[in-house]
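Trainee: Hi, got a minute to go through this one with me? I'd like to start with how the helices pack.
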Amino acid sequence: MTDRPLTALIKPERAPLSLAEYEHAGGYAGLRRALTLTPAEVTTEVTKSTLRGRGGAGFPTGNKWSLVPAVDGRKYVVVNADEMEPGTMKDRLLLEGNPHQTVEGAIITAYAVGAQTAYIFLRWGYQLAEARVAQAIADAYAAGYLGERILGTDFSLQLYLHMSAGRYMCGEETALLNALEGKRANPRSKPPFPPVSGLFGRPTIVNNAETVSNVPHILRNGWEWFTKLSSGADGGTKLFGASGRVRTPGVWERPMGTPLREIFADCAGGMAPGYAFRALLPGGASTGFLTEDAFDTPLDFTSVEKAGSRLGTGTMIVLDDKTCPVGMQYSLQRFFARESCGWCTPCREGLPWVARTLEALEAGDGEARDLDVLDAHVHGLAMGNTFCALAPGAMAPLESALKLFRADFERHISEKRCPWT
Amino acid sequence: MLTEHEQHEIRAQMALYEQPAAVVPEALKLVQARRGWVADEDVRDVAAFLGVSTAEVESIATFYSLIYRRPVGRHVILLCDSVSCWIMGFRDLRAHLTARLGIGMGETTPDGRYTLFPAVCLGACELAPAMLVDGILHGNLTPERIDEILAGYE
Ligand SMILES: Cc1cc2nc3c(=O)[nH]c(=O)nc-3n(C[C@H](O)[C@H](O)[C@H](O)COP(=O)(O)O)c2cc1C
Ligand code: SF4
Ligand code: FES
């Protein structure tokens, strides 16, 4: 049994395993075992495994599944593979590298919650993943893992690939449901939560692609094995990544709770020659900066929060000494401003203001009160003041940048130019 | 008018969802494949075919980034300007591309060959800086690399 289950069968230099090769390597054994259990037993297995959602929020997966009402009727499973968080490229590795793993996970998830239909919601632009997932689904139908009476049981499932029409908001789970219904991807008010009322008003489980990809391994090897993959409270492995001026940018599977230093220094090889480290966003664009004093932090949900940030997607973005932190912030906030869905006023009006202010600062046209404008938005767009987590997420890197790089912001104002250009 | 083929494809999509109106974005993508963008008459055709109001289809068409409501060139370049690509040299590439093509962001070359758009993170950040040309991913870009890639397009 491998200690890197998610990537053990992924060989970047070749096409993904065919169905026969995947089966030969133990593929679909997790599904076969699941089908010998009751759906409730499958859910219990996943609950005991301590698997937590890999989409950013870390919600315990088995607990989420338990929220689906145990009554007959139409239910849905949606695999969230929207992956549009800047700095994030981990689900792509799984879907390009071993699509059957995610397909098998989706089937087991659907069995556990009693769904008859499942969708893989894939972001635009993942052309290779699209082709490979479509092929895996077709092969799974042909082999009887999908369709009517799967493997001779009473369980039937239709699994469809849905290509997103492109918008960051589609990744937020209730906005995703609106997108799947063909509407604008505005979020819905909660409650009701999707496990009770989701797609077309039916009970719906939305799980991240990496979350779902863990499920076949838990069923095949047992929940205890999964908890032992990590040394902390959250079981399993995690896909970590690094981008920016590091020596070897990439994505790696390591135990949940691996120290930040190990990912940065050993996996990413530290800084590229000629660049010095300043700070990093540990898990995509909507997490706050960490500095070198946080390098011993175990990368799990609880520890990163204690260190003052969030694990997020686990893919770090590294800021070097030759990149202007104000310019970087402008790039981040322009993204969020552009992707705001416009549903609530503080975000619709606030984010463009933040982006314009940063643009002016970066161009040398800033004034002292601009920093007050930015500080005010950090508070005004905090969690609870907006309809969804997009705007508070946007404020995480800004808030920490205003603290860490205050002197750099001020130099842009006093020198009336960007010191990096 | 939607072609026979388009009607067929849209109907096939309708079978995958509990409610037919769910296929509006998919239908728009299908008609867009015809000439690379979605014209007003396409919006009306899709609305009529699906029994949804034109205003509704229009609001969906303008919401999603991949539906183009204005003509585009034969090849669409999406240059990532998000954070990892920004750090890895987006601005130099933008300068190179706009100078080489003689157009600004969001514009089409006079010969109709290229349209250049800024794009949000392409999920290829370990290969930053990156761009898509007609959906094909190119990473680890340099100005020289861009010249090589564009030499292959007519
Ligand atoms: C603006 C925004 C974008 C999001 N994008 C994604 C995404 O691309 N993929 C994803 O899995 N979760 C994304 N999420 C989190 C989802 O709302 C949801 O928590 C997640 O899909 C649940 O799956 P999990 O429990 O397996 O983590 C996003 C959240 C927000 C607020
Ligand atoms: S916070 Fe922003 S993205 Fe979220 S609902 Fe409000 S406007 Fe839309
Ligand atoms: S930031 Fe450019 S591909 Fe992710």
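Mentor: Sure! In this predicted model, α3(A) and α6(A) are oblique to each other, because their axes cross at roughly 120°, outside the 65 to 115 degrees that count as roughly perpendicular and not over 145.

Trainee: Nice. Which residues of α3(A) and α6(A) make the contact?

Mentor: From α3(A) you have Pro39(A), Val42(A) and Thr43(A), and α6(A) brings Ile108(A), Tyr111(A) and Ala112(A). Of these contact residues, five are nonpolar, one is polar and none is charged.

Trainee: And which hand does the crossing of α3(A) and α6(A) have?

Mentor: Left-handed. The two axes come within 7 Å.

Trainee: New topic: how many disulfides are there over all chains?

Mentor: Zero, after a search of the whole structure.

Trainee: OK, what about Cys341(A) and Cys344(A), are they buried or exposed?

Mentor: Cys341(A) has a relative accessible area of 14%, so it is buried. Cys344(A) is buried too, at 17%.

Trainee: Now the backbone. Where are the cis peptide bonds?

Mentor: One joins Pro191(A) and Pro192(A), with omega about 0°; Pro192(A) sits in the loop between α8 and β4 of chain A. Another joins Ala128(B) and Pro129(B), with omega about -5°, and Pro129(B) is in the loop between β2 and β3 of chain B.

Trainee: Which residue between α3 and α4 of chain A should I look at for positive phi?

Mentor: Look at Thr50(A), in that loop: its phi is about 65°, though it is not a glycine. Thr50(A) is partly exposed, at 29% relative accessible area.

Terms used:
Residues are numbered from 1 along each chain as its sequence is written. Chains are lettered from A and ligands numbered from 1 in the order in which they are written. This is a predicted model: local features need pLDDT of at least 70, side-chain atom pairs count only at pLDDT 80 or more; totals for chains, interfaces and linings use all residues. Side-chain values use heavy atoms; hydrogens and water are left out. Axes are lines fitted to C-alpha atoms, for helices over the stretch in contact, and angles run from 0 to 180 degrees between N-to-C directions. Helices (H or I, at least four residues) and strands (E, at least two) are DSSP runs, numbered from the N terminus. Angles under 35 degrees count as roughly parallel, over 145 as roughly antiparallel, 65 to 115 as roughly perpendicular and the rest as oblique. A crossing is left-handed if the near helix is turned anticlockwise from the far one by less than a right angle, and right-handed if clockwise. Contact means heavy atoms within 4.5 Å. Ala, Val, Leu, Ile, Met, Phe, Trp, Tyr, Cys and Pro count as nonpolar, Asp, Glu, Lys and Arg as charged, and the others, Gly among them, as polar. A disulfide is a pair of cysteine sulfur atoms within 2.5 Å. Buried means under 20% relative accessible area, exposed over 50%, partly exposed in between (1.4 Å probe, protein chains only).
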